[in-house]
Amino acid sequence: MSDLFWPGDERAGALFADSALLEGMVALEAAWSAGLVAHGLAPRGVAVSADELLELLDGSDVARITLDAEGGGNPVIPLVSTLRNRLVEAGREETAQWLHQGLSSQDVVDTALMLCAGTALRRLEIELGTQAQALDALAGAHRGTVMVGRTLTQHAVPITFGLKASGWLAGVEDARASVAFAHSVLPAQVGGAAGTLAVTVELGRRRGLRDPEGVTLALARETAAALGLAPAAPWHTTRFPVTRVGDALATASSAMGRIAADVLTLARPEVAEVAEPVGTGRGGSSTIPQKQNPVLAVLVRRAAITAPGLASTLHTAAAFANDERPDGAWHAEWATLRDLARRTVVAAAHTSELVAGLQVDVVAMRERARGAGALLAERDAVRGLVDADGTGRDNAADGGDPSSYLGITDRIVQNRTRP
């Protein structure tokens, strides 16, 4: 995939692509079909695998399903209709009759969304792990690199670049933990028409099963397990699984955006303390030949700016999830989650490249810190406060050396980085 409106989108590959959503929908239909047969709810021989179902579809079918989705407001209706027709054409009429029995359109879409989210979150975990390794090395290498600390855009007190990089690392590690948790609890959606799974219970009764409710619960658990998802009670209008994913993605985007914001400040020509890695054809201008724009940080910041709005839309949709299936709120989630996931993964790829190749001008940092006359004003005020009562010790030896006023900087870096 590529998107002229979102340069770099191709880095997300097929994540949340139409084909990925289609495969996720088919995966649930197949897993549920196998489960119905295994528990004696459907006749033997009607189970059908995901591969078999996908083989029934061709490019024209997919295009038509996409267009026909408008008629019912979701793609499951034309998908199931197409699959049933293809099964009948293949001489599997009974399989066609039992396909999708007991499921709802929301079950199929929601489960497919969770499968797509799992792939995206796993990719994000890998990128964040790569960033953490690079930032750990960067913080360790620059534990002693003194630079100007800035608050509200102004010079404040000395810090080290190692401290700044370790702060980036802390944000990335927090984001990685959020992403890993969200990934670990992704649930399947199996609830039937209104979250009661009444069809399978009724089938169990008609088949004379001793505990139809227990069989239904087992079927739901096993279907989730077959898909690599967590079992859960139906969550048709309890949308925390979706907002949890959105929040994890937005948290990651914020952590990376913070890095980009610092890089954009420190890469300005009048500061010139860091520079992005140089790549062929990157950072140029259409009119100004001498420019080397920090385009990786620019693109990461773009994602960080838009991510909160997308996550907010998911929360708004969750708040409007009325009745037993939302009228519009559910539909608003699909493309929103897709865009948020793809954009966050793209930003993660950009950030990984940025921190791995970040160029640090140690000399520029140290010279600016030494030349900033007021950088030690706070230190001198503290010394004067103590000296006033006659108990101060003589620190004349450290004079105007910014490294004399770093507080617990090194301890913080040491605690945040690997031994």
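How many nonpolar, polar and charged residues are in the lining of the largest pocket? Keep that in mind for the first close-up. One thing before we start: this is a predicted model.

**View 1. The largest pocket holds about 440 Å³ of space.** Here is the count: the lining has 14 nonpolar, 3 polar and 2 charged residues. Together that lining takes in 19 residues, and Asp18, Leu21, Thr66, Pro75 and Trp334 are the ones nearest the pocket's centre. Want to trace the walls along the chain? Follow helices H1 (18-38), H3 (59-72), H6 (105-141) and H12 (329-356), since each of them supplies at least two lining residues.

**View 2. Val109 sits in helix H6.** Is Val109 buried or exposed? Its relative accessible area is just 2%, under the 20% cut-off, so Val109 counts as buried. Leaving aside residues up to four places away in sequence, Val109 touches Met25, Pro75, Val76, Trp330 and Trp334. Two of these names, Pro75 and Trp334, also turn up among the residues nearest the centre of the largest pocket. Now look for Leu21: Val109 and Leu21 are 88 residues apart in sequence, yet their C-alpha atoms are 7.9 Å apart in space.

**View 3. Ala332 belongs to helix H12.** With a relative accessibility of 34%, Ala332 is classed as partly exposed, because that value falls between the 20% and 50% cut-offs. Try finding Ala318 as well: Ala332 and Ala318 are 14 residues apart along the sequence and 9.8 Å apart in space, going from C-alpha to C-alpha.

**View 4. Helices H7 (residues 161-184) and H15 (residues 409-416) pack against each other at an angle of about 35 degrees.** Their axes are 9 Å apart, and the crossing is left-handed. On the H7 side, the contact is made by Gly162, Leu163, Ser166, Gly167, Leu169 and Ala170, while H15 brings in Thr409, Ile412, Val413 and Arg416. Sorted by class, the residues of this contact are 5 nonpolar, 4 polar and 1 charged.

**View 5. The second largest pocket has about 300 Å³ of space.** Which residues should you look for around its centre? Ala267, Pro269, Gln292, Asn293 and Pro294 lie nearest to it, out of 14 lining residues. That lining is made up of 8 nonpolar, 3 polar and 3 charged residues.

**View 6. A search of the whole structure turns up 1 cavity of 30 Å³ or more.** How do you spot a hole like this? Rolling a probe the size of a water molecule over the atoms shows where empty space is left. The largest cavity has about 30 Å³ of space, and its lining consists of Ala188, Val190, Ala220, Ala224, Ala230, Pro231 and Ala232. By class, that's 7 nonpolar residues, with no polar and no charged ones.

**View 7. His100 and Leu197 each have a positive phi, though neither is a glycine.** Why point this out? Most residues other than glycine have a negative phi. For His100, phi is near 80 degrees, and for Leu197 it is about 50 degrees. His100 is in the loop between helix H5 (93-98) and H6, whereas Leu197 is in the loop between H7 and helix H8 (198-206). His100 is buried, with a relative accessible area of 14%, and Leu197 is buried too, at 8%.

Definitions and conventions. Residues are numbered from 1 along each chain as its sequence is written. This is a predicted model: local features need pLDDT of at least 70, side-chain atom pairs count only at pLDDT 80 or more; totals for chains, interfaces and linings use all residues. Side-chain values use heavy atoms; hydrogens and water are left out. Axes are lines fitted to C-alpha atoms, for helices over the stretch in contact, and angles run from 0 to 180 degrees between N-to-C directions. Helices (H or I, at least four residues) and strands (E, at least two) are DSSP runs, numbered from the N terminus. A crossing is left-handed if the near helix is turned anticlockwise from the far one by less than a right angle, and right-handed if clockwise. Contact means heavy atoms within 4.5 Å. Ala, Val, Leu, Ile, Met, Phe, Trp, Tyr, Cys and Pro count as nonpolar, Asp, Glu, Lys and Arg as charged, and the others, Gly among them, as polar. On a 1 Å grid over the protein atoms alone, a cavity is a set of points where a 1.4 Å probe fits but cannot get out, and a pocket is an open set with protein on both sides within 12 Å along at least five of seven lines; lining residues have an atom within 4 Å of a point. Grid points are joined across faces, edges and corners, and a volume is the space filled by probe spheres set on the points. Buried means under 20% relative accessible area, exposed over 50%, partly exposed in between (1.4 Å probe, protein chains only).
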